[in-house]
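Visitor: I have a model open and want to learn how to read its packing. Where do we start?

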Amino acid sequence: MVKKVYLIIFVSLIAFSATFAQQKTILPDTNQSKPASNKTNDVNTLDIHFNGFAFLDDHEYDALIPLRKTISGTRTEIDLGYNADSLNHFVVGVNPLHEFGGVPFYVQVNPVAYYSYTSPHWLYNMGEFPRNDLLQYPRALLNDSVQYYRPNVEGALLRNINRFGYETAWIDWISRQTPTNRNQFMAGELGKFVPDPGHAFYVAHYLLFMHNAGTKSDTAAPIRDQGGFQLRLGLDFSHRTVFDSLKFEAGGMFTEYRVRSMFSWRTSEGFVASVYISRKRFSIFDEFYKGTPNYLTFGDPFYSKTIYNRLDLMYAAFVGKHLKGQFFLGLHQSPSHLSDSEPGFRVVYDIGRKTLKRFSDH
């Protein structure tokens, strides 16, 4: 029943977007995405996009010994985009992962293939498309390592953008049911509301749901459902002080999970707060949680603690037009374990979209 409700909601949102997709109203963009012009043209283009990142992430967790490991490797994405006009785009490519020292060389290859409708008011993607800039969730709901091993959404996403912020709904199929694979999908909604545009105060919210059913050969396997929600009140003083970024957030977190054949919904709740400060090449991010333990498959496992604090110290060693290299040190404090650490380094590069050819209808 829960699965059907989420699908009905998402399909309704898609139908709602289709109704307004033909409108030409121009609204200010408050999202990180780059919407195209709302005017169609008679020139089709073919472009290429190359981007990726290298990472070394060392998890020195005494509090989570089974998860203590070093994650390292590279992801390189390359794709071709056909732009039918300024609104309608088709993208096909590949995003392989190489783990340092891993055999075979590419331990995972993710296809990139999606349709995108992009306007100042609406963004709609369907297919296999990058999640990073579109689904930026708190770690408690969606862990950092998701980007390493599951960089794409496989499903659909709908975003509405207006002068007060944005709202996003999405669904992502993790695994299709077969005789050996379970039926798994995630769905969610996130958004940001700025009641007085141009001022510091805003409200952010994040909703995530995951459904995990059995295989075709084991229909009696327990069905697991879980979900999480955060509501945060924030103040953004970026570029209003000596700091390039200065953000404060505080709010509540609520999660539920169940195994249908064993027990009904079990609830966890707590308080979350964070601060982000950056100036030039130095950045600090600190996040605090106090509440009951949370158990989300793709959430940061530290949030299974009743009290937890994480402090990230970051330094951008080099910054170029299409390249950024950053050292980071994560310091984790949880009950009886105050010195867990997570040192690492990441390099991110993106050449942007480059036009290869223009095709005219005339």
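**Reading the packing**

Guide: Start with burial across the chain. This is a predicted model, and 45% of the 362 residues of its protein chain count as buried.

Visitor: How many helices and strands does the protein chain have?

Guide: The program assigns 2 helices and 16 strands to the protein chain. Now look at contacts with a separation of 6 or more: residues 24 or more positions apart account for 57% of them.

Visitor: What supplies the exposed surface?

Guide: About 18300 Å² is exposed by the protein chain, and carbon and sulfur atoms supply 62% of that area.

Visitor: How do I read a nonpolar core?

Guide: In soluble globular proteins, nonpolar side chains tend to be buried together. Here the largest nonpolar core has 33 residues; Leu135, Tyr137, Leu157 and Trp170 touch the most other members. Strands E4, E5, E6, E8 and E9 each give two or more residues to this core. The largest share, 5 residues, is from E9.

Visitor: Which residues does Leu135 contact, leaving aside neighbours within four places in sequence?

Guide: Val153, Leu157, Thr168, Trp170 and Leu190. There is also a second, separate core of 10 residues, with Trp122, Tyr124, Ala156 and Ala187 among them.

Visitor: Now a polar residue. Why does Thr255 count as buried or exposed?

Guide: Apply the cut-off: buried means under 20% relative accessible area. Thr255 has 2% relative accessibility, so Thr255 counts as buried. Thr255 lies in strand E11, residues 245–259.

Visitor: What does the side chain of Thr255 make a polar contact with?

Guide: The side chain of Asn294, at 2.7 Å. Beyond four places in sequence, Thr255 also touches residues including Gly227, Gly228, Arg266 and Leu296.

Conventions. Residues are numbered from 1 along each chain as its sequence is written. This is a predicted model: local features need pLDDT of at least 70, side-chain atom pairs count only at pLDDT 80 or more; totals for chains, interfaces and linings use all residues. Side-chain values use heavy atoms; hydrogens and water are left out. Helices (H or I, at least four residues) and strands (E, at least two) are DSSP runs, numbered from the N terminus. Buried means under 20% relative accessible area, exposed over 50%, partly exposed in between (1.4 Å probe, protein chains only). Contact means heavy atoms within 4.5 Å. Accessible areas come from the Shrake-Rupley method with a 1.4 Å probe; for residues, only the protein chains shown count as cover. A nonpolar core is a set of buried Ala, Val, Leu, Ile, Met, Phe, Trp, Tyr and Cys residues joined through side-chain atoms within 4.5 Å. A polar contact is a pair of N or O atoms within 3.5 Å; within protein, one must be able to donate a hydrogen and the other to accept it, and residues adjacent in sequence count only if both atoms are side-chain atoms.
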